[in-house]
Amino acid sequence: MNIRSLLLLALLLPAALTATAQSRRPQVDLKCEAHGMGPLLDCTVRLRGADGQPLPGAGVTLGATMPSMPMAHTVKPVKALPTAVPGEYRGQLTLEMSGAWAIEIDLTGPVRERVVRVLMAEECDGDGRCPAPPARR
Ligand SMILES: [Cu+2]
């Protein structure tokens, strides 16, 4: 191997490693519904591996903070438990007010990752359940 190909390798290797690390990242799908006072937030997390296959056997913890009010809230993180559907986990957060919440998804086990999604959680009228859509930034 001459010096030129060595240099080329040195240039390309980090990019290749980054691409590999990226492609190993799990796909994380989060859907939440708000209901009741608090509001309560029921969240469903669907995990897929880099190969697109459902990812069972992960530890999934959900936390919530309010980006607009740092340190104002102490929402207790909850474990999201596996459902009958492979790669699907459900957990319920008790929020302390309506508004934009950053939902922190901490993954352990086959994958270690923290994913944060900001959702709008509103109190629903009566017994209603309201989808919590992504918050506009
Ligand atoms: Cu707040």
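Trainee: Quick one to start: in β6, which residue is the bridge partner of G63?
Mentor: The bridge partner of G63 in β6 is E104, and E104 also stands opposite V116 in β7. Strands here are DSSP runs of E with at least two residues, helices are runs of H or I with at least four, and both are numbered from the N terminus. Please keep in mind that this is a predicted model, in which local features need pLDDT of at least 70 and side-chain atom pairs count only at pLDDT 80 or more, while totals for chains, interfaces and linings use all residues. Residues are numbered from 1 along each chain as its sequence is written, and side-chain values use heavy atoms, with hydrogens and water left out.

Trainee: How many bridges join β3 to β6, and how many join β6 to β7?
Mentor: Strand β3, residues 59-65, is joined to β6 by seven bridges, and the two run antiparallel. Strand β6, residues 99-108, is joined to β7 by nine bridges, again in an antiparallel arrangement. Two strands count as paired if DSSP finds at least two bridges between them.

Trainee: And what do β6 and β7 form?
Mentor: They form a hairpin with four residues between the strands, and G109 in the turn has a positive phi of about 95°. L107 in β6 has E113 as its bridge partner in β7.

Trainee: Is β6 mostly covered or mostly open?
Mentor: It is mostly covered, since seven of its ten residues are buried (under 20% relative accessible area, with exposed over 50% and partly exposed in between, for a 1.4 Å probe and protein chains only). For the chain of 137 residues, the buried share is 35%.

Trainee: Let me step back: what does the secondary structure of the chain come to?
Mentor: The chain has one helix and eight strands, and along the sequence the pattern reads α-β-β-β-β-β-β-β-β.

Trainee: Changing topic, which residues are the protein donors of the copper ion?
Mentor: The copper ion is held by M66 through SD, M69 through SD, H73 through NE2 and M97 through SD, at 2.0 to 2.2 Å. A donor is an N, O or S atom within 2.8 Å of the metal (3.2 Å for Na, K and Ca), and sites may look incomplete because water is not among the atoms. Along the sequence, the donor residues follow the spacing M-x2-M-x3-H-x23-M.

Trainee: What is the geometry of the copper site, going by its angles?
Mentor: The site is tetrahedral, with angles of 101 to 126° among the four donor atoms; four donors earn that word if all angles lie between 85 and 135 degrees.

Trainee: Are the donors M66 and M69 buried or exposed?
Mentor: M66 is buried, at a relative accessible area of 4%, whereas M69 is partly exposed, at 31%.

Trainee: What about M71, is it buried or exposed?
Mentor: M71 is exposed, with a relative accessible area of 83%, and its place is in the loop between β3 and β4, the latter being residues 78-82. Although M71 is not a glycine, it has a positive phi of about 70°.

Trainee: Which peptide bond is cis?
Mentor: The bond from G38 to P39 is cis, with omega near -10°, and P39 lies in the loop between β1 and β2.

Trainee: Where is A34 found, and how far in space is A34 from E123?
Mentor: A34 is found in strand β1 and is buried, at 0% relative accessibility. A34 and E123 are 89 residues apart in sequence, yet their C-alpha atoms are 6.5 Å apart.

Trainee: Last topic: how much space lies in the largest pocket, and what lines it?
Mentor: The largest pocket holds about 180 Å³, and it is lined by 13 residues, of which L30, K31, C32, E33 and A132 are the closest to its centre. A pocket is an open set of points on a 1 Å grid over the protein atoms alone, where a 1.4 Å probe fits and protein lies on both sides within 12 Å along at least five of seven lines; lining residues have an atom within 4 Å of a point.

Trainee: Which strand gives the most to that lining?
Mentor: β1 gives the most, with four residues, and β1 (27-35), β2 (40-48) and β7 (113-121) each supply at least two residues.

Methods:
Tetrahedral: all angles 85-135°; square planar, octahedral: opposite > 155°, others 65-115°. Points joined across faces, edges and corners; volume = space filled by probe spheres on them.
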